[in-house]
Amino acid sequence: MKAVAVTPGTPNSVHLEEIAKPTLDQVANGNGVLVKVLKVGVDATDREINDALYGNAPTGDKHLVIGHECFGIVEAVGDNVRRVKPGDYVTATVRRPGGSIYDMIGTNDMTSEEEYYERGINLRHGFLTEYFVDEEEYIVRVPEGLKHLHVLQEPMSCAAKAVHQAYEAQHRMKVWRPNVAYVLGAGQIGLLTTLILKLRGLEVYTLARGEAPNLKAEIVAGLEANYISTRETSMAELVKITGKPDLIVDATGSSQLAFESMQHLGHNGVVVWTGITGGDKVTEVPSDSINLQFVLGNKLLLGSVNANRNHFEMGIRDLALGEMMYPGVLGKILTHPVDGLDNYKEMMRLLVEDKDALKVYVNVASE
């Protein structure tokens, strides 16, 4: 069967690879689930892997099948599978366990090992292919009523984890009632984070470079949040209007903005970094000032990457509620479909060249 892959370590190596169709017996103890892939989302991670900034092939292979945002339909299950059945719509988690205690208890996203395993990213093949098989544990059912949001399930899990981790960490405060939140970046993670924070009742300001009106601003407004163009209002200027935020979630992929956000956080607040920076940019920061503010203000910096099954399920619940509260808004994120695996060059062109491509995804097959 067809798959879109790269040769890790070789820039711009994306290509079509022929691989064997998987079978249920590849998973032990009758716990396998065979999924027909319907759609796969791609993002900056896939672009950076194609740029050879990171990513490694599974042991014994020279290629890495990319794509970690999947949506498909169950075609067959092993004898001991109970959570899903043929005909169910599903997505799949991305991290796979290593050997740490965190991996052993199902929190693979919190592994303490330097080497990690992620489908489509590092040492495990991804989902940009026609079929895949995985253990039941990593397959998450998607309600039929959310199938129109298909590839948003995985990025939503990352947004859900980021917010959940902030609230979990703030148990240190005994009482923490955040009022104002900044979301940095209006890509898919930023917009989905905006939704989650609105559902929690916060006053949300979503910051991005583009000047309104634009699609991102339209989506933010549809979520009853506030879109701020940083070309018109800087973060420092916004703080003078709103006061210092209690929570900042950075989803820009810009280390400069990530560090800048630390200067504007309110007392007892949390900054969550979700952006991945694969480059070597060096930025000068007011380190003494940040250190002083964080110590005297009991502030917290938190890194959040990937998500486990619980976060996927949290995200699906919030997507469902979001569709009820703000009908039709989230679907606007899905901007640029590409038909067929054969069109992988167009997929990559959109990721690299089209600045209006909010969400690129591949229509792999019909039901």
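**Close-up views of a predicted model**

**View 1. A buried salt bridge joins Arg95 and Glu118.** In this predicted model, the side chains of Arg95 and Glu118 form a salt bridge, at 2.7 Å from N to O. Arg95 sits in strand S7 (residues 95–96) and Glu118 in strand S8 (residues 117–119), so the pair ties together parts 23 residues apart in sequence. Arg95 has a relative accessible area of 8%. For Glu118 the value is 5%. Both fall under the 20% cut-off, so Arg95 and Glu118 count as buried.

**View 2. Glu218 pairs with Lys332.** The closest N and O atoms of this salt bridge are 2.8 Å apart. Glu218 belongs to helix H5 (residues 215–222), while Lys332 lies in the loop between H9 and strand S18 (336–339). The pair therefore ties together parts that are 114 residues apart in sequence. Glu218 is partly exposed, at 41% relative accessible area. Lys332 is partly exposed as well, at 34%.

**View 3. Glu313 and Arg309 form a salt bridge within helix H9.** Their closest N and O atoms are 3.1 Å apart. The two residues are 4 apart in the helix, about one helical turn. Glu313 is partly exposed, with 28% relative accessibility. Arg309 is buried, with a relative accessible area of 12%.

**View 4. Asp318 is buried without a salt bridge.** Asp318 is also in helix H9 (residues 309–325). The nearest side chain of opposite charge is that of Arg200, 6.0 Å away. A salt bridge needs nitrogen and oxygen within 4 Å. Beyond its neighbours within four places in sequence, Asp318 contacts Met156, Leu195, Ile196 and Leu199.

**View 5. Lys85, Asp88 and Arg141 share a network of salt bridges.** The model has 14 salt bridges in total.

**View 6. The largest nonpolar core has 51 residues.** Leu197, Leu247, Val272, Leu330 and Ile333 have the most contacts inside this core. Helix H3 (residues 153–169) gives the most to it, with 7 residues. Domain 1 (2–141 + 335–363) and domain 2 (157–303) both contribute residues, so the core lies between them. Leaving out residues up to four places away in sequence, Leu247 touches Ala166, Trp176, Val180, Ala181, Tyr182, Leu197, Leu265, Val270 and Val272.

**View 7. Another nonpolar core lies apart from the largest one.** This core has 35 residues. Among them are Val14, Val37, Phe127 and Met347. In soluble globular proteins, nonpolar side chains tend to be buried together.

Definitions and conventions. Residues are numbered from 1 along each chain as its sequence is written. This is a predicted model: local features need pLDDT of at least 70, side-chain atom pairs count only at pLDDT 80 or more; totals for chains, interfaces and linings use all residues. Side-chain values use heavy atoms; hydrogens and water are left out. Buried means under 20% relative accessible area, exposed over 50%, partly exposed in between (1.4 Å probe, protein chains only). Lys and Arg count as positive and Asp and Glu as negative; His and the chain ends are not counted. Contact means heavy atoms within 4.5 Å. A nonpolar core is a set of buried Ala, Val, Leu, Ile, Met, Phe, Trp, Tyr and Cys residues joined through side-chain atoms within 4.5 Å. Domain bounds come from an automatic or database domain assignment.
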